[in-house]
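User: I have a structure open and a few things to ask about it. Can we go through it piece by piece?

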Amino acid sequence: MKLLKTLLAATLTVSMAPAFGAEDAITAAVNSDFRQAVNTERDNARHPQETLQFFDIKPDMTVIELWPGAGVWYAEILGPLVAEQGQYIAANFNTQGEPLTARDKFYQQAGQKVEQWIETHRGQLGKASTVTLQPPEHLNLGADNSADRVLTFRNLHNWQMNQQLDAVFTAVARVLKPQGIFGVVEHRGKVGMSADSGYMAQEEVIELAAKHGLVLIEASEINANPKDTKDYPKGVWTLPPRLALGEQDKQQYLDIGESDRMTLKFIKQ
């Protein structure tokens with residue numbers, strides 16, 4: 001009996017170790033000096049540790065982040081987190097060719113900053129790499145069934161505004177492994193609101209994902225903000241950190257804080 005108890009205890013220790021190890025790794029990455037102060041200042045509004053734990057991120061995973069942006073906010077956490085055992089992949093803006101519009105130029109410059117950031121910090125980021133995600137031309141996120149996690153933070157409205165969200169969800173479903181997780185954080189609006197406001201209705205996101213075999217398994221209120229009334233002159237960009245109205249009613253919007261956000265975890269069936 002004593003031997004049986006010893007074996008059972010050892011089995012439990014081994015089976016629980018990866019979970020504790022993953023949480024510790026996330027904590028270390030969130031608290032790392034590698035992150036820029038301008039990014040850590042937003043932790044109280046964006047809850048990166050709780051969010052990444054909710055998405056079940058582990059150090060040995062291949063993690064694709066869609067459009068990390070020039071600020072590399074989550075990339076600074078995810079890149080080092082999976083550098084030794086896994087791989088971080090930035091689904092980046094197109095950085096090649098001559099931009100045709102001011103918007104194309106903005107995207108290209110942001111993408112170039114991401115590429116430069118990865119090369120500058122290669123020692124901390126291991127095998128980190130980029131793929132191009134620029135609908136409708138560039139929608140290949142990698143080999144089919146190759147990613148453990150695909151994550152996106154406050155981007156869905158951008159694709160929806162250009163009627164590209166369906167195509168992006170197709171690309172996500174293709175690259176995820178079976179039982180892989182698609183983690184979504186997005187400004188949460190009301191049914192019927194236009195994506196031009198920067199907000200998306202949670203019900204509509206869940207419905208669209210399901211059409212692509214991405215089934216909601218859990219929703220979290222980690223990034224909720226009940227103060228957000230979602231009815232501002234310049235949409236979600238009226239709120240911090242953008243503060244699109246400048247000094248006009250600035251304190252009012254600072255008191256509201258960053259937007260109310262859905263945090264959704266989908267599994268590929």
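Analyst: Sure, one term up front: buried means under 20% relative accessible area, exposed means over 50%, and partly exposed is in between (1.4 Å probe, protein chains only). Helices (H or I, at least four residues) and strands (E, at least two) are DSSP runs, numbered from the N terminus. This is a predicted model: local features need pLDDT of at least 70, side-chain atom pairs count only at pLDDT 80 or more, and totals for chains, interfaces and linings use all residues. Residues are numbered from 1 along each chain as its sequence is written, and side-chain values use heavy atoms, with hydrogens and water left out.

User: OK. Strand β2: how many of its residues are buried?

Analyst: Five of the six. The strand spans residues 87-92 and is mostly covered.

User: Which way do β1 and β2 run, parallel or antiparallel?

Analyst: Parallel, with five bridges joining β1 (residues 62-66) to β2. Two strands pair if DSSP finds at least two bridges between them. Val63 has Tyr88 of β2 as its bridge partner.

User: And β5? How many of its 14 residues are buried?

Analyst: Eleven. β5 covers residues 176-189 and is mostly covered.

User: What does β5 pair with in the parallel sense over six bridges?

Analyst: Strand β4, residues 147-153. Val150 stands opposite Phe182 of β5 there. Strand β6 (residues 200-201) also runs parallel to β5, joined by two bridges. In that pairing, Gly189 is matched with Ala201 of β6.

User: In which sense does β5 pair with β8?

Analyst: Antiparallel, over seven bridges. The bridge partner of Gly183 in β8 is Lys265.

User: Switching to helices. At what angle do α9 and α10 pack?

Analyst: About 50°, with the axes 9 Å apart. α9 is residues 165-175 and α10 is residues 202-211. The axes are lines fitted to C-alpha atoms, for helices over the stretch in contact, and angles run from 0 to 180 degrees between N-to-C directions.

User: What do you call that arrangement of α9 and α10?

Analyst: Oblique. Angles under 35 degrees count as roughly parallel, over 145 as roughly antiparallel, 65 to 115 as roughly perpendicular, and the rest as oblique.

User: Is the crossing of α9 and α10 left-handed or right-handed?

Analyst: Right-handed. A crossing is right-handed if the near helix is turned clockwise from the far one by less than a right angle, and left-handed if anticlockwise.

User: Which residues make the contact between α9 and α10?

Analyst: From α9, Leu165, Asp166 and Phe169; from α10, Val205, Leu208 and Ala209. Contact means heavy atoms within 4.5 Å. By class, five are nonpolar, none polar and one charged. Here Ala, Val, Leu, Ile, Met, Phe, Trp, Tyr, Cys and Pro count as nonpolar, Asp, Glu, Lys and Arg as charged, and the others, Gly among them, as polar.

User: Backbone next. Where are the cis peptide bonds at Pro136 and Pro241?

Analyst: One joins Pro135 and Pro136, with omega about 5°. Pro136 sits in the loop between β3 (129-132) and β4. Another joins Pro240 and Pro241, with omega about 10°. Pro241 sits in the loop between β7 (214-220) and α11. Most residues other than glycine have a negative phi, and most peptide bonds are trans.

User: What about phi at Trp67 and Gln179?

Analyst: Positive in each: near 50° for Trp67 and near 75° for Gln179. Trp67 lies in the loop between β1 and α5 (75-81). Gln179 is in strand β5.

User: Are Trp67 and Gln179 buried or partly exposed?

Analyst: Trp67 is buried, at 8% relative accessible area. Gln179 is partly exposed, at 48%.

User: Back to Pro240. How far is its C-alpha from that of Gly257?

Analyst: 6.1 Å, and the two are 17 residues apart along the chain. Gly257 is in the loop between α11 (250-256) and β8 (261-268). Gly257 counts as buried because its relative accessibility is 16%.

User: What does Gly257 touch?

Analyst: Asn225, Leu239 and Pro240, leaving aside residues up to four places away in sequence.

User: Last one, Leu216. Where is it, and what does it touch?

Analyst: Leu216 is in strand β7. With the same sequence cutoff of four places, Leu216 touches Ile206, Leu264, Lys265 and Phe266. Its relative accessibility is 29%, so Leu216 counts as partly exposed.
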